[in-house]
Each structure stands twice: as C-alpha cells, then as structure tokens.
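Open your viewer, switch to a cartoon view and keep the selection panel at hand. We will go from stop to stop, with something to pick at each one.

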Amino acid sequence: MNVLYCGDKNIEDGLVISVLSLQKCVSEPLNIYVMTMDLKLKAGSVLPVSQETIRYLDNRLKTQNEKNSVVRIDATELFRAAPPVANMETRFTPCCMLRLYADQVPQMPERILYLDNDVVCRKDFGAFYHQELTDYELAGVADYYGKWFFRKNLFHMDYMNSGVLLLNLAAIRQSGLFARCRAFCSEKKMFMPDQSAINKLAGRKKLCSRVYNEQRKLHGDTVFQHFTTSFRFFPWLHTLTVKPWQVALVHEKLKLHEYDDILQEYTVVMAELKG
C-alpha cells in the first residue's frame, strides 16, 4: 500500500499519529512517502519534516515488516518552479498544496493514497485502496459541509473533501489534472485552494462512502476519521477544531477515547524524538 503525506515540520505530530494508526490496522506492506520543502517566504521560513522523524518512523515500521518504508521527498524545487502565486498568503500554508506536485515525482507510484496529517486510521482500508480506478483520476468522499454549497450540479453532491484521496497518478499524468490545478492556484485566489482546484477541474472522480473520510463524528463502521473543523449548536452556534495530537482536548471536548492506545504510543515516540 502506497501512502502520501505532505507538509512542513509542523505536521510531524499528526504524521506520527497517522502512521502509527496505519501500522496498527493493516498487515500489507506500507510504502509511505512524505513530500516536504525548505523555503524562505515573506511570512517566514518553511522548515521541512526532519530526517530524524523519517528515520525513526522507517525503523519503527520495519520492526513489524521489513518491507515497510518511510521516505522523504524534497519538493522545494518543484514548488519554486511553479508556485501557487495567487494563494501564497491565504490561511492555508503553501505546503497544503504540495500534493498537486506529486505527478512530477518520478518515483511516485501510479496508485497512492493521500492522507492529511489529521486523519487517523481505525480499520483496514484494503477495500478502499484496491478498488477499481481504471476510469477515474481519483476517488474520495463528499465534503461534509462543502457538498451543500459548492456542488456543480444542484442534484448531485459531488464536492469532495481532499483530506483522503486515492490517486490514480497514471491517469492524472495523462490528463494533466494536477498541472492544470497548479496553474489555477497560481492565477486565482481561493478558499481551500487545492481542494477547490481539484473539485473544479477533475473530470473523472469517484465518490465513495463516508466511512473512508468521517469528518463529523465517529461511527461504528468508520475506517478513517478526519479531525476537521465542525459546527456545534449547543449552548450556542460555534466552530470546534480539535486535532488528534491535542490529547487532552480529544478527551475533554470530543469525549473520544477510541485512539488512546495510539495516542499513548505517540506520546512515547515524541518524547524519544525530542530527547
């Protein structure tokens, strides 16, 4: 199974939790790719995911299966060659858009599962990963809120959340989807730039069950839980954002103990990395 994460050093907490959850839930070999970059911007420096973190995760996964691997891909030059100019100063960091450069990485496999760093795996995802993709560029799940507001067709809720995407990179390279998305992000300022570009330009996308990107709350059949911002109506209308690495808030605000074993392991891992 090929899995892709993207981001800077700030994703390391989520990366560790997400990778540990994958290791717990699947027995197939895991080939994990982490696209990152080292860049100086007006707002400050973007620091890459550290080699120490990559080596630690690689060694840890190999103790379970020697065929497992975690590798870091430096996408700095790819980003510099075609930066998302119009979206460099949005609330979403430039690293959020690194997945749109995956088609330009020669060693990237033709089928790969992209995950945001705030996605936790709860069950084996083999059925989702191995689904038929011949006629599609990508597969994903409708965005919990966006499907109501951003759909192209009034009667078809096809607006995808980009936090869990099964990519057919062979088809994406052939169609030029990501190249067109990069150009679009360079020219037009958008809210959630890469997600908006993918939804606008993807011609062949496959919608799958919400269980593969649970964005609201945990259900018994949840495979991937995505810790997104949600609306709460009691005692007043407000938004709530809790990430997996905010362990105390996961317990206090979400009343969630489903991943306590992983979160305890995460705490040990981060202490070892920082020690």
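The tour below starts at the sheet, moves to the helices on it, and ends with side chains and loops. Please keep in mind that this is a predicted model.

**Stop 1: the sheet**

Begin by colouring the strands of the open sheet. There are seven of them, in the order S5-S2-S1-S6-S9-S8-S10, and their pairing is mixed. Which strands stand at the edges? They are S5 (69-74) and S10; each has a single partner strand, so one side of each is left without a neighbour in the sheet. Looking at the twist, you will find neighbouring strands turned by 25° against each other on average, direction ignored.

**Stop 2: strand S9**

Now select residues 160-168, which make up strand S9. How many of its nine residues are buried? The count is nine of nine, so S9 is mostly covered.

Add its two partners to the selection. Strand S6, residues 111-115, pairs with S9 in the antiparallel sense over five bridges. Show Arg111 and you will see Asn168 of S9 opposite. Strand S8, residues 138-142, is also antiparallel to S9, with four bridges between them. Two residue pairs help you follow this second ladder: Leu138 has Leu167 of S9 as its bridge partner, and Val141 stands opposite Asn161 in S9. As a reminder while you draw the bonds, strands of a sheet pair through backbone hydrogen bonds, either parallel or antiparallel.

**Stop 3: helices on the sheet**

Select residues 12-25 next. This is helix H1, which lies across strand S1 (2-6), strand S2 (31-36) and S6, and runs at about 170° to S1. Then pick helix H2, residues 51-64, which packs on the sheet and touches S2 and S5. The direction of H2 makes about 155° with that of S5.

A quick geometry check works well here. Helix H2 has 14 residues and should span 20 Å at 1.5 Å a residue; its end C-alpha atoms are 20 Å apart, which agrees.

Which residues of H2 are buried? Show Thr53, Ile54, Tyr56, Leu57, Asp58 and Leu61 as sticks. Among the elements that cover these buried residues of H2 are H1, S2, S5 and helix H10 (260-274). The spacing you see along the helix has a simple background: an α-helix has 3.6 residues a turn, so residues three or four places apart point the same way.

**Stop 4: an aromatic cluster**

Hide the helix side chains and turn to the rings. The model has five aromatic pairs. Start with Phe125 and Tyr129: their ring centres are 6.4 Å apart and their planes stand at 75°, so this pair is edge-to-face. Tyr129 counts as buried because its relative accessibility is 5%, and Phe125, at 0%, counts as buried too.

Add Phe224 to the view. The centres of the Phe125 and Phe224 rings are 5.2 Å apart with planes at 45°, so this pair is tilted. It links distant parts of the chain, 99 residues apart: Phe125 is in the loop between strand S7 (119-121) and helix H4 (126-129), and Phe224 is in strand S11, residues 224-226. Phe125 and Phe224 are both buried. Together, Phe125, Tyr129 and Phe224 form one aromatic cluster.

**Stop 5: two arginines**

Select Arg182 with Tyr101. Arg182 lies over the face of Tyr101, at 5.5 Å from the ring centre.

Then move to Arg204, in the loop between helix H8 (193-201) and strand S10 (205-208). Is Arg204 buried, partly exposed or exposed? With a relative accessible area of 31%, Arg204 is partly exposed. Beyond its neighbours within four places in sequence, Arg204 is in contact with Thr134, Asp135, Tyr136, Glu137, Leu138, Ala171 and Ser175. For one of these, Ala171, the separation along the chain is 33 residues, and its C-alpha atom is 9.4 Å from that of Arg204.

**Stop 6: two positive phi angles**

Finish with the backbone torsions. Met192, in the loop between helix H7 (177-187) and H8, has a positive phi of about 55° although it is not a glycine. Met192 counts as buried at 18% relative accessibility.

Lys255 sits in the loop between helix H9 (247-252) and H10. Phi of Lys255 is near 55°, again positive in a residue other than glycine. Lys255 is exposed, with a relative accessible area of 64%.

Definitions and conventions: Residues are numbered from 1 along each chain as its sequence is written. This is a predicted model: local features need pLDDT of at least 70, side-chain atom pairs count only at pLDDT 80 or more; totals for chains, interfaces and linings use all residues. Side-chain values use heavy atoms; hydrogens and water are left out. Rings of Phe, Tyr and Trp (its six-membered ring) pair if their centres lie within 6.5 Å; planes under 30 degrees apart count as stacked, over 60 as edge-to-face and the rest as tilted. Buried means under 20% relative accessible area, exposed over 50%, partly exposed in between (1.4 Å probe, protein chains only). A charge sits over a ring if NZ of Lys or CZ of Arg is within 6 Å of the ring centre and within 35 degrees of the ring normal. Contact means heavy atoms within 4.5 Å. Two strands pair if DSSP finds at least two bridges between them. Axes are lines fitted to C-alpha atoms, for helices over the stretch in contact, and angles run from 0 to 180 degrees between N-to-C directions. The expected span of a helix is 1.5 Å times one less than its number of residues.
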